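Me: I am new to this structure and should like a careful account of one part of it, placed in the context of the whole.

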Amino acid sequence: MPRYLFERTFPEGLAHPARAEVEGVTWVHSYVNEERTKIVCVYDAPSPAAVRKAAAADLPVDAITEIRV
């Protein structure tokens, strides 16, 4: 299954928890910067669209990049 790096920026700071409740999408881990304004998450998912669907629709998305382990 492909793996995706999911990047988001929160100018006002992170207020929402990450979630992955879409079938076929598995959250692997996340990194948050000290200011809590940037989060990078790793997901296993069948497609970038599945990752986007698993994330809250009202949150910003900077980039979704397929990565290799």
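What percentage of the 69 residues in the protein do buried residues make up? Please then look closely at strand 3 and its surroundings.

Reply: Buried residues make up 30% of the 69 residues in the protein; buried means under 20% relative accessible area, exposed over 50%, and partly exposed in between, with a 1.4 Å probe and protein chains only. The model is predicted, so local features need pLDDT of at least 70 and side-chain atom pairs count only at pLDDT 80 or more, while totals for chains, interfaces and linings use all residues. Residues are numbered from 1 along each chain as its sequence is written, and side-chain values use heavy atoms, with hydrogens and water left out.

The average pLDDT of the protein is 79, and 81% of the residues score at least 70; pLDDT is the predictor's confidence in each residue, from 0 to 100. Where pLDDT is low, the predicted coordinates should not be read in detail. Among the elements, strand 1 has the lowest mean pLDDT, 82, and strand 4 the highest, 91.

The secondary structure consists of one helix and four strands, running β-β-β-α-β from the N terminus. These elements are DSSP runs numbered from the N terminus, with helices (H or I) of at least four residues and strands (E) of at least two.

Strand 3 itself is largely enclosed by the rest of the structure, because six of its seven residues are buried. Strand 3 pairs with strand 1 in the antiparallel sense over seven bridges; two strands pair if DSSP finds at least two bridges between them. Within this pairing, Arg-8 has Ile-39 of strand 3 as its bridge partner. Strand 2 is also antiparallel to strand 3, and six bridges join them. Strands 2 and 3 form a hairpin with five residues between them, and Arg-36 in the turn has a positive phi of about 60 degrees.

Thr-26 belongs to strand 2, residues 26-32, and stands opposite Asp-44 in strand 3. Leaving aside residues up to four places away in sequence, Thr-26 touches Val-42, Tyr-43 and Asp-44, where contact means heavy atoms within 4.5 Å. Thr-26 counts as partly exposed because its relative accessibility is 44%.

Tyr-43 also takes part in the one aromatic pair that a search of the whole structure finds. Its partner is Phe-6: the ring centres are 5.8 Å apart and the planes lie at 85 degrees, so the pair is edge-to-face. Rings of Phe, Tyr and Trp (its six-membered ring) pair if their centres lie within 6.5 Å, with planes under 30 degrees apart counted as stacked, over 60 as edge-to-face and the rest as tilted. The pair links distant parts of the chain, since Phe-6 is in strand 1 (residues 3-9) and Tyr-43 in strand 3 (residues 38-44), 37 residues apart. Both Phe-6 and Tyr-43 are buried.

The largest nonpolar core has 13 residues, of which Phe-6, Val-25, Cys-41, Tyr-43, Ala-45 and Val-51 touch the most other members. Such a core is a set of buried Ala, Val, Leu, Ile, Met, Phe, Trp, Tyr and Cys residues joined through side-chain atoms within 4.5 Å. Strand 1, strand 3 and helix 1 are the elements that give two or more residues to this core. Beyond four places in sequence, the residues that Phe-6 touches include Ile-39, Val-40, Cys-41 and Tyr-43. In the protein as a whole, 71% of contacts between residues at least 6 apart in sequence join residues at least 24 apart.
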